[in-house]
Amino acid sequence: MTDSNVVIRFNEVSFAYNDAKVILDEASFSVHRNSIVTIIGQNGAGKSTIFKLLLDKLTPQSGKISVELGTTIGIAEQVIGADKLELSVADYFSAPAPEIKRMLHSLKLEVPLTKKVGELSGGQKAKLMLAHALISNPDVLLLDEPTNNLDRAGVELLTTLLMNYQKTCIVISHDADFLNCFTDGVLNLDIHTKKIEQFVGNYYDVVDEIAAKLERDRQANSRLQKSIKDRFEKVNKLGGKSIAMSQLARRIRKDIEEDREEMVEMRQEDRTIPEFTIPNQEYVGYVIKIDKPIKTEMVKGHRLLIKGPNGIGKSTLLRAFLAGQGADINPAVRVGYYSQDFSELDVTKTAYDSLLTVSQTDHPEVIYETGARFLLDAKLLHTKIELLSEGQKGLLCYARLFLQKPGLLVLDEPTNHINFRHIPVIAHAVNNFEGPVILVSHLNDFVNEIKNLRELDLAVPFSA
């Protein structure tokens, strides 16, 4: 590397999973030593792919990826692989028990080393992945959606850790407030151009800078387009009246082509899903009767927020309700379930088949229209779910709820992996759902949009 302060450099890197799924097209950027950089971009743009390229799990088709000689890299991924869920906490690490305990304690994760990884809560798994990345004290730390499933205390702990971090860190996150606390710069991955734009500054300043640049580019293109249109009209008037006029017309056409080449390639902003309503199933009678840990009956319009710290058993309680333990759900009622780990999805199926499974109609045009509404085009619909990004899986879950027309919504961290631009739209849809809602969420901005929430604060750990 020519710059002694650069630890990572992508030089005109191109990568594609196949001809139909190009991720990077001659993309370039650099990361300086001891900086904290954020990668942003639309769901499915390839943010996690950049991490896999850095870890040599993927190989670019062209270009060069340079990492400073001797640099060690640690990663906290979005999810723990299914092959590791049966491991004990101790076996999940390749380190002595005292080191594991010290690292877990520093992250306020007090769990037995003999406990299975799959038995941990979502928030505990998030801390476990972070501990796994940190325990080797890597030179470069990669964090992929690290705030997913963390409660407020967990996010504050992570924020403090990063603000005091003395090495290089690259973060992928949709949590704007979290990112703004520590970001030195932003890498913006554009899903349309397949390029990476590099910005210096905190997150909100960069977002404003991107918006201002878009407006400048739009105005410059608008002026060029008007000039081109005016000259085209002039060329048409010149026609072929004389040799001199024909020569002038040719020169004007040449100038027009040169101006067209100079037009700025506009970066298309992340699309936001349009406003939508989750249709409510029509039914007669009760929806759900809960016996424990509280005794209540939920009907249309009722909303229940289950609160408590990571590891207290909130997700376990939801799964118990769905299994009929401590709750009686009307058998005639369709339950719309959003799990924090997408366990309701059969990842071996295509997204199209997944939608068809829950849809109240089998008309293909309805499936395709719904997919498009949630940014899942025909190509993505015919992709196996296991190949979708985590954000695309989240949008698929909302497309399923839209087609399912449930009588009850059970939502476990329904903003996990979702681009922050979509969250207000989803909050509006949940708030306007006519049936009862049972909700677990640590995202206050989302929760505050859901009106008339009754709260159940778990004071002691719940186990089914």
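**Notebook: Gly 46, helix 3, a pocket and Glu 297**

Started with Gly 46: at 9% relative accessibility I have to put it down as buried, because the cut-off for buried is under 20%. Note to self: this is a predicted model, so every value here is computed.

Next I looked up where Gly 46 sits. It belongs to the loop that runs between strand 3 (36-41) and helix 1 (47-54). Which residues does Gly 46 touch, leaving aside its neighbours within four places in sequence? I found Ile 23 and Leu 189 in contact with Gly 46. I also checked Ser 389, which is 343 residues apart from Gly 46 along the chain, yet their C-alpha atoms are separated by 8.2 Å.

**Helix 3**

I went through helix 3 (residues 97-106) for buried positions and wrote down Ile 100, Met 103 and Leu 104. Why do they end up on the same side of helix 3? They cover an arc of only 100 degrees around the axis, so they share one side. That fits the textbook rule: with 3.6 residues a turn in an α-helix, residues three or four places apart point the same way. Turning to the other side of helix 3, I got Pro 98, Lys 101 and His 105 as exposed.

What do the buried residues of helix 3 pack against? I see helix 2 (89-92) and helix 4 (122-134) as their partners. One backbone detail I jotted down: Lys 108, which follows helix 3, has a positive phi, near 55 degrees.

**Second largest pocket**

I then pulled up the second largest pocket, which holds about 690 Å³ of space. I get 32 residues lining this pocket, and the closest to its centre are Asp 175, His 442, Leu 443, Asn 444 and Asp 445. Helix 5 (152-163), helix 6 (176-180), helix 14 (423-431) and helix 15 (444-447) are the elements that each give two or more residues to the lining. Which helix gives the most to that lining? It's helix 5, with 4 residues. Sorting the lining by class, I have 12 nonpolar, 11 polar and 9 charged residues.

**Glu 297**

Last stop was Glu 297, which I located in strand 11 (residues 296-298). Its relative accessible area is 40%, so I have Glu 297 down as partly exposed. Leaving aside neighbours within four places in sequence, I list Tyr 286, Ile 288, Lys 289 and His 302 as the contacts of Glu 297. I also looked at Val 287: C-alpha to C-alpha, Glu 297 and Val 287 are 7.8 Å apart in space, with their positions 10 residues apart in sequence numbering.

How values were computed:
Residues are numbered from 1 along each chain as its sequence is written. This is a predicted model: local features need pLDDT of at least 70, side-chain atom pairs count only at pLDDT 80 or more; totals for chains, interfaces and linings use all residues. Side-chain values use heavy atoms; hydrogens and water are left out. Buried means under 20% relative accessible area, exposed over 50%, partly exposed in between (1.4 Å probe, protein chains only). The arc is that of the directions from the helix axis to the C-beta atoms. Contact means heavy atoms within 4.5 Å. On a 1 Å grid over the protein atoms alone, a cavity is a set of points where a 1.4 Å probe fits but cannot get out, and a pocket is an open set with protein on both sides within 12 Å along at least five of seven lines; lining residues have an atom within 4 Å of a point. Grid points are joined across faces, edges and corners, and a volume is the space filled by probe spheres set on the points. Ala, Val, Leu, Ile, Met, Phe, Trp, Tyr, Cys and Pro count as nonpolar, Asp, Glu, Lys and Arg as charged, and the others, Gly among them, as polar.
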